[in-house]
Amino acid sequence: MRAETQNIVAEIQKSLELLEQRMDYETAPHRLEEFNARVEDPNLWDNPENAQKLMRERQMLVDAIETYETIKTDLNDNIELIELGEMEEDEEVVQDAEEAIKKLGAKAAKKELEALLDGEADGNDTFLEINSGAGGTESCDWASMLARMYVRWAEKKGYTVELQSETAGEEAGIKSAAYKISGHNAYGWLKSESGVHRLVRISPFDSAAKRHTSFSSVWVYPVVDDNIEIEVNPADIRVDTYRSSGAGGQHVNTTDSAVRITHIPTGIVVTSSEKSQHQNRDIAMKALKSRLYQQELDRRNAEINAAHEAKGDAGWGNQIRSYVLQPYQMVKDLRTNFETSDTKGVLDGDLDGFMAATLALNVAGKSRSEAQGED
């Protein structure tokens with residue numbers, strides 16, 4: 001076996017060890033039996049929310065077991081093929097098996113990163129808010145480009161995307177938009193996107209074809225589920241209803257059903273304008289709890305964030321990524337230095353490379369922080 005292939009095999013084996021630890025493989029079959037027994041309970045769907053949560057947890061375990069066992073089996077099969085090919089001096093068999101191991105290495109690395117999404121809220125659905133910065137039409141257009149990018153990314157992941165509210169720009173694009181994105185690890189992946197995103201391009205709105213720089217902010221908050229208790233004092237909030245206005249077409253909403261909730265102690269403002277007033281109030285309250293929970297997460301991670309900022313990494317409120325379309329094409333994350341010249345792919349939702357790099361950076365920072373704490 002070639003040295004390069006041996007190194008890939010070693011990395012795959014490390015990934016398998018992590019996957020095994022993360023799901024506690026020894027107890028996984030027993031836990032799956034318990035899930036199956038509960039699923040067969042005829043009274044399960046008396047409480048739809050609990051039933052859906054149970055089904056999702058069961059599926060997560062099934063997927064984890066299947067992923068681990070598939071990678072392990074494929075690895076062993078291809079190692080045996082290499083050994084057999086070398087014994088029979090069949091170079092074609094060896095090359096095919098080594099190529100399969102190379103692809104398996106990429107798959108194992110991806111699954112390892114997914115397994116590292118083990119924060120308290122990483123597995124939750126998420127709220128995503130986009131706000132245009134200063135710059136009028138340019139920034140509003142950039143905000144709409146970001147919205148399209150994240151919707152495309154979510155759709156590729158098989159996630160469900162719900163538009164919660166939207167404010168149209170005066171000439172083009174959007175001033176702001178809020179989405180709920182539902183799917184396993186939606187928050188865990190998207191949390192790395194919070195911050196300011198910068199666009200450099202020749203403006204399609206400038207008759208002189210000059211280069212413009214635009215900014216828009218992206219904020220991500222986990223949807224708070226029943227496992228996370230967030231208390232909101234009714235005396236601390238102000239609820240307003242108003243007539244909403246959308247971007248036209250399918251998003252037009254001219255009723256007085258929109259709801260705005262202001263959390264007075266923190267100044268947090270959340271809105272919802274897509275459904276009935278009663279539903280909007282419920283949606284906005286959940287969004288407020290998510291924002292408050294995010295504050296708590298930020299407080300818990302203060303030491304890690306401070307360590308990153310000390311090294312020059314961008315904080316939550318600062319610029320995190322630059323998208324340059326002219327005079328050259330490049331998207332670069334300023335925290336990880338991960339970059340690509342495939343700007344079209346990125347704006348079409350190919351974001352996994354950026355998210356994975358940031359996730360790995362955060363995991364490394366967390367590990368260093370924990371190690372220092374032990375010292």
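The following paragraphs lead through the chain from its overall make-up to its first helix, its sheet and its aromatic pairs.

The model is a predicted one. Its chain contains 10 helices and 11 strands. Of the 375 residues in the chain, 41% are buried. The accessible surface amounts to about 20,100 Å², and carbon and sulfur atoms contribute 47% of that surface. When contacts with a separation of 6 or more are considered, 63% of them join residues 24 or more positions apart.

Helix α1 covers residues 3-23. With 1.5 Å a residue, its 21 residues should span 30 Å, and the 31 Å between its end C-alpha atoms agrees with that expectation. Several residues of α1 are buried, among them Thr5, Ile8, Val9 and Ile12 in the earlier part of the list, and Leu16, Leu18, Leu19 and Met23. Two residues with hydroxyl side chains, Thr5 and Ser15, also belong to the buried set of α1. The cover over these buried residues includes α2 (28-39), α3 (48-87) and α4 (91-115). After α1 comes Asp24, which has a positive phi, near 55°.

One of the covering helices, α3, contains Asn76. Asn76 has a relative accessibility of 38% and therefore counts as partly exposed, a class that lies between the limits of 20% and 50%. Val9, by contrast, is one of the buried residues of α1. The C-alpha atoms of Asn76 and Val9 are 9.7 Å apart in space, although 67 residues separate the two in sequence.

The sheet is the next element to consider. It is open and consists of eight strands, in the order β2-β3-β1-β5-β4-β9-β10-β11, with mixed pairing. Its edges are formed by β2 (160-168) and β11 (339-340); each of these has a single partner strand, so one side of each has no neighbour in the sheet. Within the sheet, β1 (residues 126-132) pairs with β3 (residues 174-182) in the antiparallel sense, and six bridges connect the two strands. Leu128 is found opposite Tyr179 of β3. Helix α5 (residues 137-157) packs on the sheet, where it touches β1, β2, β3, β4 (195-202), β5 (211-222) and β9 (319-324). The direction of α5 makes an angle of about 45° with that of β5.

The aromatic side chains offer a further view of how parts of the chain meet. Four aromatic pairs are found in a search of the whole structure. One of them, between Tyr25 and Tyr68, is tilted, with 4.5 Å from centre to centre and 50° between the planes. Because Tyr25 lies in the loop between α1 and α2 whereas Tyr68 lies in helix α3, this pair ties together parts that are 43 residues apart in sequence. The two partners differ in exposure: Tyr25, at a relative accessible area of 24%, is partly exposed, while Tyr68, at 4%, is buried.

A further aromatic pair joins Trp153 and Tyr159 in an edge-to-face arrangement, with 5.7 Å between the centres and 70° between the planes. Here both partners fall under the 20% limit for buried residues. Trp153 is buried with a relative accessible area of 1%, and Tyr159 is buried with 11%.

Conventions: Residues numbered from 1 in each chain as written. Predicted model: local features only at pLDDT ≥ 70, side-chain atom pairs only at ≥ 80, totals over all residues. Heavy atoms only, no water. Helix = DSSP H or I, 4+ residues; strand = E, 2+ residues; numbered from the N terminus. Expected span 1.5 Å × (residues − 1). Buried < 20%, exposed > 50% of the residue type's maximum accessible area, 1.4 Å probe, protein only. Contact = heavy atoms within 4.5 Å. Pairing = 2+ DSSP bridges. Axes fitted to C-alpha atoms, helices over the stretch in contact; angles between N-to-C directions. Areas by Shrake-Rupley, 256 points an atom, 1.4 Å probe, with all protein chains shown as cover. Phe/Tyr/Trp six-rings, centres within 6.5 Å; stacked < 30°, edge-to-face > 60°.
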